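Hi everyone, thanks for making time. I'd like to walk you through a structure that's new to most of us, so have it open and follow along.

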Amino acid sequence: MSAPEWIDDWYSLCFDNRFTRELPADPESSNTTRQVHNACYSRVHPKPVASPKLIAYSAEVAEQLGIPPALLESQQFAEVFSGNAVHPSMDPFAMCYGGHQFGNWAGQLGDGRAINLTEVTAADGRHYTLQLKGAGPTPYSRFADGLAVLRSSVREFLCSEAMHHLGVPTTRALSLVLTGDSVTRDMFYDGNAKQEPGAVVCRVAPSFVRLGSFQIFASRDEFETLRKLVDFTIRNDFPHLGPPSPEVYAEWFAEVCQRTAELMVHWMRVGFVHGVMNTDNLSILGLTIDYGPYGWLEDYDPNWTPNTTDAQGRRYRYSYQPQIAQWNLVQFAGAILPLVDNDVDQLQPGLRHYVATFDEGWHSMMAAKLGLGKFRGEDDKKLFSDLLDVLQLAETDMTLFYRRLADVSCDDAVDSVCDQLSDAYYQPDEINDQVRQATNEWFDRYRERIRSESISDDRRRQRMNRVNPLYVLRNYLAQLAIDRSEQGDHSGISELLDVLRNPYQEQPGKQAFAEKRPEWARHRAGCSMLSCSS
Ligand code: AMP
Ligand code: MG
């Protein structure tokens, strides 16, 4: 299919394709699966789709990019953001990267189904890449089709925006378009393939470069290309560090470590489990990237992972995320070592900075979750870790627990804390004397600690509700919106997004979005079990 005539005159974003302008390209132009050497990307056009239809968009992202609201609802918008119509000033490409998957070096991966449509300078003066996910095969597609199905695209769209509104660094999502084509998927790799509706999400970020983007060149001894990508990234995304030099490389590494540590603190705060923390799925900017089989903690279970592909080793379980990120940063350090004369001592401070940033961030985050003004050391540490033990005595909804705790008075006498927290518990019969006693004992210490700050119940509640969300993208809520969308009613996606725009503020009439997981969702595919098949 050739581009339609109207595209030449179509609304013009402020195109600025610096990735393709400044970095080495794959000289080969055929779109065939292959190893690509000494190049950061391959030029490739999205695969045309049958009948694109916009089913959801983020008005905030559109505004940030300067896309007028009227344009969003036009058919031309759907044609452009499904990849059907490519503006002549766009320069679409797929990036080459590698990665460690589940702890093993996997060699070249790359954008197998993501096509960077264009880069733009937005209305806010900042630079963004607009990337279509599910837009067809690229040289990096390996054995797969380059496409994405509706269910995984709804999940990516909603979670990107939900995370942003929670204050968690993330790639954003501009639009979700149904392609009108169907895609074959075997959801649990068990021989039950079926046809599913295809979709394309347009993701937006200042950069989609990953830790694995650097690893691929180091693994192939392509040091010149490695240096070019590092210098490009520092110049454009870390300009405050100054012109690249060995000292700047070390500072840059430390900043990547810091941002990653801060991201881990956020994930732990809101109960997000990424599910596939391979080095190719960690952003160089410390953004949450690649929403696949992610999930949200319902009952507080540090060993939980939503990803059935990881069910055996549970490498990417909730509680391991901070140490997995650190492991990934060590691999990244190995990749950029040649730039600091292979002197490990140059990068050690960055890794130590990771640990220090995470520890400090964890302590102040936990203090904030409990409404404490400031972390006060060992006694507070013990208070936090004992709380996490208490949370595991009975199946307890993490999100509701912190919101309900904010409502329990520390000024007045309280008989049984458990009664006041009751709607956070999944199984009322689990709340036996032992659970009651342990919870009361913990609460007594907490109350003493709160009283030592002389802070009122009201003030404490306000503090806590600013960091403990009431509305998160509960796995089953996403699935309900998907079920409806697969039946042709897409309104559930925007309804959910609307609530998730204000996750910390109680919204009248929206109680249904703040309830713990219903029993039917406990073992249902898509709710508690997801795979990488998307
Ligand atoms: P992920 O685990 O989703 O981050 O994917 C790992 C690698 O597989 C990346 O290089 C993806 O681009 C690629 N990939 C995943 N799904 C597909 C697909 N349907 N078609 C082509 N490549 C894919
Ligand atoms: Mg990925």
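Before the first stop, one bit of vocabulary: when I say a residue lines a pocket, I mean that it has an atom within 4 Å of one of the pocket's grid points. Also, please keep in mind that this is a predicted model.

So, the pockets. What is the volume of the largest pocket? It comes to about 990 Å³. The lining takes in 41 residues, and nearest the centre you'll find Gln101, Arg113, Arg142, Cys532 and Ser534. As for elements, helix 5, residues 150-166, and strand 9, residues 194-205, each put at least two residues into that lining. Helix 5 has the largest share, and that share is 3 residues. What about the chemistry of the lining? By class, the largest pocket is lined by 15 nonpolar, 14 polar and 12 charged residues.

Okay, from the open space to the enclosed spaces. How many cavities of 30 Å³ or more are there? The count is 5. I'll take two of them.

The largest cavity holds about 110 Å³ of space. It has 16 lining residues, and the ones closest to its centre are Phe19, Glu119, Thr129, Pro206 and Ser207. If you want to find the walls on your screen, look for helix 1 (18-22), strand 3 (93-95), strand 6 (114-121), strand 7 (127-133) and helix 7, since each of those supplies at least two lining residues. Helix 7 provides the largest share, with 4 residues. Sorted by class, the lining of the largest cavity is 7 nonpolar, 6 polar and 3 charged.

Now the second largest cavity, with a volume of about 50 Å³. Its lining includes Met268, Arg269, Tyr300, Tyr318 and Trp362, along with Met365, Met366, Lys369, Leu388, Met398 and Tyr402. Two or more of the lining residues come from each of helix 8, helix 10 (344-369) and helix 12 (398-407). Which helix gives the most here? That would be helix 10, with 4 residues. The class split for the second largest cavity is 9 nonpolar, no polar and 2 charged.

Let's move on to how the helices sit against each other. For two packed helices, the description is the angle between their axes plus the distance between the axes.

We've met helix 7 already, so start there. Helix 7 spans residues 223-237 and helix 8 spans residues 246-270; their axes come within 12 Å and cross at roughly 70°. That makes the two roughly perpendicular. The crossing of helix 7 and helix 8 is left-handed. On the helix 7 side, the contact uses Arg227, Val230, Asp231, Thr233, Ile234 and Asp237, and on the helix 8 side it's Val248, Tyr249, Trp252 and Arg259. In terms of class, we get 5 nonpolar, 1 polar and 4 charged residues in that contact.

Stay on helix 8, and turn to its packing with helix 9, residues 321-336. Here the angle is about 165° and the axes are 10 Å apart. Are the two roughly parallel or roughly antiparallel? Helix 8 is roughly antiparallel to helix 9. This crossing of helix 8 and helix 9 is right-handed. Helix 8 brings Trp252, Phe253, Val256, Cys257, Thr260, Met264, Trp267 and Met268 to the contact, while helix 9 brings Gln321, Pro322, Ala325, Leu329, Phe332, Ala333 and Ile336. The classes in the contact of helix 8 with helix 9 come out as 13 nonpolar, 2 polar and no charged residues. Notice that Trp252 is in this contact, and that Trp252 was also listed in the contact with helix 7. Met268, meanwhile, is back from the lining of the second largest cavity.

Last pair: helix 12 with helix 15, residues 457-467. They pack at about 165°, and the axes are 8 Å apart. Helix 12 and helix 15 are therefore roughly antiparallel, and their crossing is left-handed. From helix 12 we have Tyr402, Arg403, Leu405, Ala406 and Asp407, meeting Arg460, Arg461, Met464 and Asn465 from helix 15. That contact divides into 4 nonpolar, 1 polar and 4 charged residues. Tyr402 should sound familiar too, as one of the residues lining the second largest cavity.

That's my tour, thanks for listening!

Key:
Residues are numbered from 1 along each chain as its sequence is written. Chains are lettered from A and ligands numbered from 1 in the order in which they are written. This is a predicted model: local features need pLDDT of at least 70, side-chain atom pairs count only at pLDDT 80 or more; totals for chains, interfaces and linings use all residues. Side-chain values use heavy atoms; hydrogens and water are left out. Axes are lines fitted to C-alpha atoms, for helices over the stretch in contact, and angles run from 0 to 180 degrees between N-to-C directions. Angles under 35 degrees count as roughly parallel, over 145 as roughly antiparallel, 65 to 115 as roughly perpendicular and the rest as oblique. A crossing is left-handed if the near helix is turned anticlockwise from the far one by less than a right angle, and right-handed if clockwise. Contact means heavy atoms within 4.5 Å. Ala, Val, Leu, Ile, Met, Phe, Trp, Tyr, Cys and Pro count as nonpolar, Asp, Glu, Lys and Arg as charged, and the others, Gly among them, as polar. On a 1 Å grid over the protein atoms alone, a cavity is a set of points where a 1.4 Å probe fits but cannot get out, and a pocket is an open set with protein on both sides within 12 Å along at least five of seven lines; lining residues have an atom within 4 Å of a point. Grid points are joined across faces, edges and corners, and a volume is the space filled by probe spheres set on the points.
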